[in-house]
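Reader: I have a model open and would like to go through a few local details. Can we start with a sheet?
Author: Fine, here it is.

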Amino acid sequence: MRSGKTAGNAVRISVRTKILLVFLALSVSALLVTGLLAFVQMGDVSRFAMDRSDELGSRAMNDSTAALEQDARDSLLRLAKDQAYISNIVFEQVNGEIDTMAYYAGELQTDPSMVRERHFYLQDEPPDDIYSTTVLFLAPGAEADIPLAERNAAGMMDDIFIPVYHADPHLAGVYVGTESGMSMIYPWVTGLNASFDPRMRGWFTQAKESGSVTWSEPYVDLLGHGLMVTCSKPVNDPESGWFWVIGADVTIETINQNIIGTQVGNRGYAMLIDQHGNVITRPGLSSGDMRWDESFVTENLLDSANPGLVAVTREMINGRTGIARVMFEDGERFIAYAPVESVNWSVAVVMPVEEVIAPALSTRESILAASEDTASHIGSQQEMMRTIFSAMFLVLLAVVGVLTLIFSRYLTRPLEDLKRGSEAIGRGDLEYTVEVHTGDEFEDLADSFNHMAADLREHVATLRRTTAEKERILKELEIAKGIQQSFLPDAAPVLPGIDLQGFNLPAAEVGGDFYDFIPVGEEHWGLVIADVSGKGVPAALFMALSRTLIRASAAHNPDPAESIREANRNIYLDSKTSMFVTLFYAILDPREKSLTFVNAGHNPPLLFGTGNERITLLKAKGIALGVLDEIELESVEVNLKPGDIAVLYTDGVTEAANEQDEEYGVARLEKIVELSRHLSSRGIIDAVVQDVRAFAGNRPQFDDITLMVLKIE
């Protein structure tokens with residue numbers, strides 16, 4: 001009873017009265033306080049605005065500088081890796097061509113039946129077509145000591161020089177130099193100096209000393225091509241006593257233009273150094289007026305007086321990848337570097353730091369200029385504001401009282417309508433409309449109520465449609481995933497003495513990796529593992545096309561190189577996009593326990609043996625399918641022994657990254673396979689997949705994971 005009485009006797013004040021009292025109190029207080037503060041603080045406005053503008057400019061410059069620097073680091077490091085990858089492909093191709101020519105030279109030395117007599121063109125006897133033959137050049141005093149049989153054998157190198165030279169646009173020339181003082185140079189040239197002796201050239205002596213493929217330091221070319229580097233390899237027949245060196249020239253200009261010809265910003269550039277720190281090429285590097293028989297001494301970065309540059313050079317010659325800031329006399333520069341593994345060289349991309357932060361400095365200057373203009377304008381307005389404020393203070397005090405009374409009455413009229421509207425919408429009556437026509441925010445609020453109800457109605461309907469559409473898309477993706485998985489073999493073929501298994505884990509609902517077991521004839525099996533560029537549905541569709549064409553060409557052709565070339569032609573003709581597919585294809589002879597394979601730009605599989613060479617890369621020259629209509633593929637055959645394990649994989653395994661952006665890598669793959677080699681093929685696959693997932697941790701899978709394991713029991 002007491003509480004009810006208290007409630008009944010409580011003073012009730014209407015909203016209109018509360019608004020009137022509050023507005024009057026706030027207005028009077030605000031005017032009094034504002035007037036007092038305006039006169040006291042107005043003098044500090046200009047200084048405060050200037051200080052804040054300076055702070056804003058500095059903060060903007062610092063933030064933008066840090067962001068630009070990080071972006072530049074990431075971009076330069078990616079660019080250095082890309083340049084190293086491209087350079088590695090080119091140099092590895094030249095290495096392979098040298099190996100091919102050296103092999104052919106060895107066959108000529110040991111097999112006289114391959115040699116026939118022929119006409120030799122000297123440099124003063126031009127042929128009808130300089131690309132049809134080599135030029136024979138004899139070192140001073142060497143003609144009497146050269147056996148006719150050796151001359152005829154060396155002349156047969158035309159048969160390999162011509163196709164190799166025309167297949168690689170990076171080559172300036174190919175040749176053979178002999179210990180007897182003879183040179184066969186392709187294509188035919190003139191202008192050879194009479195004192196030229198191949199046995200005294202660096203490419204000859206280095207190959208002779210190393211006994212294997214070697215790359216020379218830059219030197220001045222005899223024929224006027226400027227600076228040149230040479231890849232060379234010795235060929236020796238102990239029985240005949242013939243010693244030859246096969247060489248292939250690549251000009252520094254070719255390396256600059258086609259391999260590391262990268263312009264970074266206005267003053268950035270790329271360069272290439274060898275394993276000793278010598279500069280192979282950089283912008284502006286030339287032979288000048290040097291003659292061919294003068295020694296060209298290139299710059300060695302390890303001799304630099306700049307300790308930062310020396311530290312970066314040591315990282316580069318040790319085959320590491322990274323980026324650093326190095327101080328030079330004319331300012332700091334970023335240096336991003338990555339190894340070119342095929343020649344044990346390293347690529348560096350250099351860019352001035354000031355070029356990176358230039359936009360930030362420009363932004364700061366603009367902010368400071370704007371701040372000065374603002375401060376000047378504020379100062380000129382201060383005096384006017386003092387005068388106006390004094391006059392308006394008394395007027396506003398009276399006007400506020402009157403307007404507050406009128407406004408409080410006007411304000412409360414539509415509140416009841418709005419209240420009823422909100423209650424109706426709260427009950428779920430989305431058809432209810434609020435009718436308020438005050439021409440102000442209350443009318444806008446009423447319109448908002450009405451729009452909200454209409455939007456809610458539309459949202460409910462849209463939500464229903466969206467949910468149904470999402471369920472349909474998810475169902476279709478599930479169906480697509482099932483169809484794609486059906487393309488993969490249900491099971492590996494059961495072969496006596498061979499344990500064979502395959503595995504695929506797409507990164508998305510559908511992916512671009514695939515593997516296959518293709519019966520070739522009655523006793524052989526084709527093993528395929530491939531990776532389509534791209535991700536998701538486009539990659540899956542291209543994968544389905546590629547798999548069908550590869551299976552169709554491989555099933556009726558026992559020659560792996562020819563079958564894959566046929567598949568490439570069909571893929572190239574049917575592909576309307578820029579997508580391509582890398583592939584490793586091998587024909588397995590279960591009875592002979594042998595693999596005959598080709599590699600179209602794919603990761604070389606790993607062969608784990610039981611002898612001295614425990615791990616071998618199954619390499620073969622070739623490029624990805626779908627890029628060119630005609631490609632060349634090298635066919636390689638290996639024999640398998642009991643206990644051997646072949647592991648075929650895609651880059652989704654070795655390039656899987658953890659939360660620190662570290663890649664899984666080939667070394668970890670080799671280690672886990674070695675630890676699991678006592679398991680079955682399925683056990684090895686499970687061990688690798690489990691190890692990759694443990695390495696990645698919480699990092700989402702970025703690429704498809706595909707494996708195939710062949711184990712000889």
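Author: One open sheet has five strands in the order β9-β8-β12-β11-β10, with antiparallel pairing. Strands here are DSSP E runs of at least two residues, and helices are H or I runs of at least four, numbered from the N terminus. Two strands pair if DSSP finds at least two bridges between them.

Reader: Which strands stand at the edges?
Author: β9 (279-281) and β10 (322-328); each has a single partner strand, so one side of each has no neighbour in the sheet. From one strand to the next, the twist averages 35 degrees.

Reader: Before I go on, what are the ground rules for this model?
Author: The model is predicted: local features need pLDDT of at least 70, side-chain atom pairs count only at pLDDT 80 or more, and totals for chains, interfaces and linings use all residues. Residues are numbered from 1 along each chain as its sequence is written, and side-chain values use heavy atoms, leaving out hydrogens and water.

Reader: OK. How many bridges join β8 to β12?
Author: Five, between residues 269-273 of β8 and 345-352 of β12, running antiparallel. Y269 is opposite V350 of β12.

Reader: Now α7. Which of its residues are buried?
Author: In α7 (residues 307-317) they are L309, V310, V312, T313 and M316, where buried means under 20% relative accessible area with a 1.4 Å probe, protein chains only. Viewed down the axis of α7, they fall within an arc of 165 degrees, so they line one face of the helix. That arc is taken from the directions from the helix axis to the C-beta atoms.

Reader: What covers them?
Author: The cover includes β8, β10, β11 (331-340) and β12, counting contacts as heavy atoms within 4.5 Å.

Reader: And what is at the start of the helix?
Author: A side-chain oxygen of N306 comes to within 3.0 Å of the backbone nitrogen of G308 at the start of α7. Just after α7, G319 has a positive phi of about 80 degrees.

Reader: Different topic: H602. Where does it lie?
Author: H602 is in the loop between β17 (594-600) and β18 (606-608).

Reader: Is H602 buried or exposed?
Author: Buried, with a relative accessible area of 5%.

Reader: Which residues does H602 touch?
Author: Leaving aside residues up to four places away in sequence, H602 touches I529, A530, D531, T582, L583, F584, Y649 and T650. The side chains of H602 and T582 are joined by a polar contact of 3.0 Å.

Notes. Axes are lines fitted to C-alpha atoms, for helices over the stretch in contact, and angles run from 0 to 180 degrees between N-to-C directions. Buried means under 20% relative accessible area, exposed over 50%, partly exposed in between (1.4 Å probe, protein chains only). A polar contact is a pair of N or O atoms within 3.5 Å; within protein, one must be able to donate a hydrogen and the other to accept it, and residues adjacent in sequence count only if both atoms are side-chain atoms.
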